[in-house]
Amino acid sequence: MTQEPIPLARPDIGVREEELVFDAVSSERLALGPRMAQFETALAAWLEAGHVSAVSSGTAGLHLAIRAAGVERGDDVVTTPFSFVASANCLLYEDATPVFCDIDRRSLNIDPEAAAAAVGDKTSGLLPVHIFGYPADMPALERLAQQRGLWIVEDACEALGAVHADGAVVGARDNLSVFGFYPNKQLTTGEGGALVSPSPELKERIDSERNQGRAPDMGWLDHDRLGFNYRLDELSCALGLAQLERLDELLEARARAAALYAQALPGIEGLELPCPDEGGDVRGWFVFVVQLPRGADRDAAIVGLRERGVQSKPYLPAIHLMSFYRERFGHRPGEFPVCEDVAARSVALPFFPAMTEGQVARVAEALTQVLRG
Ligand SMILES: Cc1ncc(COP(=O)(O)O)c(C=O)c1O
């Protein structure tokens, strides 16, 4: 009997989501209705952060965030090459240059010492990413920003539910921070994202730029600044509201799936698992990414897993080595050795809240078999 393939990710959509989305459709207010503000208020309450703007994607949120931070054409911004490409791309939208620096081998986040070394005369800001939901070392980066007069935008797209050692929830420090709600995320709105601002003035600017440059007190078709259509529609907000009601439960389910993997996998020699929480930092579980033993054939392993009904993928490629970035900026292998080593060995395994012990055992068994060769 062939078993059902185990998908890489699967959103957890329940009856409550169906109810609220159905209500939204039935209300006939499909955009610019009341649910966007309700979603923002509910997310702000969950984060215990003051000023949330719902946007149409994490990428849209990053774009608005760097503009609100004050990025200017020709600026350099120090960021990590080990991320989803959107964290670097958003800088190019404003004709700024991503200046990459290497990552910390344990957390896989930007290494604060490498970041300090990468700051130069043209650097205006820092754009750290909380990769795979593990908190970046914000206290160190905030010290650097203060010493060098830099702005900070946090890419928290993968990190809903993460907490820093100093007790601050990721995304709720005094920096502009961005969450993403794509279907593989801890909370989904389909496409979607949210931007957390440290002040009501910044939220006002962001809300206007998300809506074609229209201030809240202005009439229809009246616009006093450049803006975009980065609004989140009412159906997505309804989905987000229902997911928020269950967010603690969804996060716990992800942490439980990660704990099952941690029990099932340590027997494989040379395999590196996601770093455990350390020093008070708490991961908001997003993906379960392992680094294969040195010398293992990753492509063959992924094919072998697929043949055994287990989806997996290389995750993440180094941004500076993508063809577009090589051509545009002349990047070459060898510039960021830790990132390149990790990127060459990383594989995302199936990971979602409803994963069962049996599915985790099947993945572990399949991985053991393919690595044995
Ligand atoms: C680290 C990171 N940054 C940015 C994004 C962009 O978010 P979106 O796909 O919602 O535009 C993602 C989402 O996949 C991400 O993982």
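**Ligand site and internal cavity**

In this predicted model, an N or O atom in the side chain of Thr59 is placed 2.5 Å from an oxygen atom of the ligand. Two further side chains present polar atoms to the ligand: that of Asp155 lies 2.6 Å from a nitrogen atom of the ligand, while that of Lys185 lies 2.8 Å from an oxygen atom of the ligand. Of the 390 Å² of accessible area that the ligand has on its own, 92% is covered by the protein.

The shell around the ligand comprises 13 residues, of which Gly58, Thr59, Asp155, Glu158 and Lys185 are the closest. Sorted by class, this shell contains five nonpolar, five polar and three charged residues. Among the contributing elements, helix α3, which spans residues 58–69, gives the most to the shell, with three residues. The ligand occupies the space that constitutes the largest pocket of the protein.

Apart from the pocket, the search for enclosed space returned one cavity of 30 Å³ or more. The largest cavity holds about 50 Å³ of space, and its lining is formed by Arg10, Pro11, Asp12, Lys185, Gln186, Leu187, Thr188, Gln243, Leu250, Arg254 and Pro353. By class, four nonpolar, three polar and four charged residues make up this lining. Lys185 is thus listed among the residues closest to the ligand and also among those that line the largest cavity.

Methods:
Residues are numbered from 1 along each chain as its sequence is written. This is a predicted model: local features need pLDDT of at least 70, side-chain atom pairs count only at pLDDT 80 or more; totals for chains, interfaces and linings use all residues. Side-chain values use heavy atoms; hydrogens and water are left out. A residue is near a molecule or strand if one of its heavy atoms lies within 4 Å of it. A polar contact is a pair of N or O atoms within 3.5 Å; within protein, one must be able to donate a hydrogen and the other to accept it, and residues adjacent in sequence count only if both atoms are side-chain atoms. Accessible areas come from the Shrake-Rupley method with a 1.4 Å probe; for residues, only the protein chains shown count as cover. On a 1 Å grid over the protein atoms alone, a cavity is a set of points where a 1.4 Å probe fits but cannot get out, and a pocket is an open set with protein on both sides within 12 Å along at least five of seven lines; lining residues have an atom within 4 Å of a point. A molecule sits in a cavity or pocket if more than half of its atoms lie within 2 Å of its grid points. Helices (H or I, at least four residues) and strands (E, at least two) are DSSP runs, numbered from the N terminus. Ala, Val, Leu, Ile, Met, Phe, Trp, Tyr, Cys and Pro count as nonpolar, Asp, Glu, Lys and Arg as charged, and the others, Gly among them, as polar. Grid points are joined across faces, edges and corners, and a volume is the space filled by probe spheres set on the points.
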